[in-house]
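Got your viewer open? Follow along stop by stop, selecting as we go.

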Amino acid sequence: MIPGEVQAGENGPFQLGIRPEHIEVAPAGEGLLPAHIEFVEHLGDHQVVHSSLLHNRQRIIAKVPMTARVDESAECVGLRLDPRWCRLFSEDGRVVAAAP
């Protein structure tokens, strides 16, 4: 998922970090992570999509353009993460892997 490798000598657990504007909401069955939309905020030129992952209820927030189609009534959607913007963090908050 993340281009590159974890720095030598680093052991997990790790936390994945990505900014909301680098997450795309897709139809169910598409994208890396299946999620349920909790609610959507319509804020002028963009929408803030509040969702939770189906497998562990982890909250995920995506910031998408108003032109993006978001089916708020869907039982399930897919979340696409742009790997160029994903980071792995160690328990003490250091970046241990990122796209080159």
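Some ground rules for picking out elements: helices (H or I, at least four residues) and strands (E, at least two) are DSSP runs, numbered from the N terminus. This is a predicted model, where local features need pLDDT of at least 70 and side-chain atom pairs count only at pLDDT 80 or more, while totals for chains, interfaces and linings use all residues. Residues are numbered from 1 along each chain as its sequence is written, and side-chain values use heavy atoms, with hydrogens and water left out.

**Stop 1: the whole chain**

Show everything as a cartoon. You'll find zero helices and eight strands, so by the DSSP rule the elements read β-β-β-β-β-β-β-β from the N terminus on. The C-alpha atoms fill a box of roughly 45 × 30 × 20 Å along the principal axes.

Colour by accessibility next. Buried means under 20% relative accessible area, exposed over 50%, and partly exposed in between (1.4 Å probe, protein chains only). Of the 100 residues, 32% are buried. If you like contact maps, take contact to mean heavy atoms within 4.5 Å. Among contacts with a separation of 6 or more, 57% are between residues 24 or more positions apart.

**Stop 2: H46 and its partners**

Select H46, which sits in strand β4. With a relative accessible area of 18%, H46 is buried. Add D45 to the selection: a polar contact of 2.9 Å joins the side chains of H46 and D45. A polar contact here is a pair of N or O atoms within 3.5 Å; within protein, one must be able to donate a hydrogen and the other to accept it, and residues adjacent in sequence count only if both atoms are side-chain atoms.

Leaving aside neighbours within four places in sequence, H46 is in contact with E41, K63, V64, P65 and M66. Try a distance label to T67 as well: H46 and T67 are 21 residues apart in sequence and 8.0 Å apart C-alpha to C-alpha.

**Stop 3: E41**

From H46, hop to E41 in strand β3 (residues 33-43). E41 is partly exposed, at 30% relative accessible area. Show H50 in sticks: the E41 side chain makes a polar contact with the side chain of H50, at 2.7 Å. Beyond four places in sequence, the contacts of E41 are H46, Q47, V48 and H50. For a longer label, draw one to C86, which is 45 residues from E41 in sequence and 24 Å from E41 in space, C-alpha to C-alpha.

**Stop 4: S52**

Back to strand β4, where S52 is found. S52 counts as buried, at 1% relative accessibility. Select R57 too, and you'll see a polar contact of 3.3 Å between the side chains of S52 and R57. Past the four-place window, S52 is in contact with A35, H36, E38, R57, Q58 and R59.

**Stop 5: the nonpolar core**

In soluble globular proteins, nonpolar side chains tend to be buried together. A nonpolar core is a set of buried Ala, Val, Leu, Ile, Met, Phe, Trp, Tyr and Cys residues joined through side-chain atoms within 4.5 Å. Select V25, V49 and L79: of the 17 residues in the largest nonpolar core, these touch the most other members. β2, β3, β4 (46-53), β5 and β6 each supply at least two residues of this core, and β3 gives the most, with four.

Zoom in on V49. Skipping its neighbours within four places in sequence, V49 is in contact with V25, I37, F39, V40, I60, I61, A62, V64 and V70.

**Stop 6: the pockets**

On a 1 Å grid over the protein atoms alone, a cavity is a set of points where a 1.4 Å probe fits but cannot get out, and a pocket is an open set with protein on both sides within 12 Å along at least five of seven lines; lining residues have an atom within 4 Å of a point. Grid points are joined across faces, edges and corners, and a volume is the space filled by probe spheres set on the points.

The largest pocket has a volume of about 330 Å³. Of its 14 lining residues, select L16, L53, Q58, R59 and I60, the closest to its centre. β1 (15-17) and β5 (59-65) are the elements giving two or more residues to this lining.

The second largest pocket comes in at about 150 Å³. Its largest share of lining, four residues, comes from β2.
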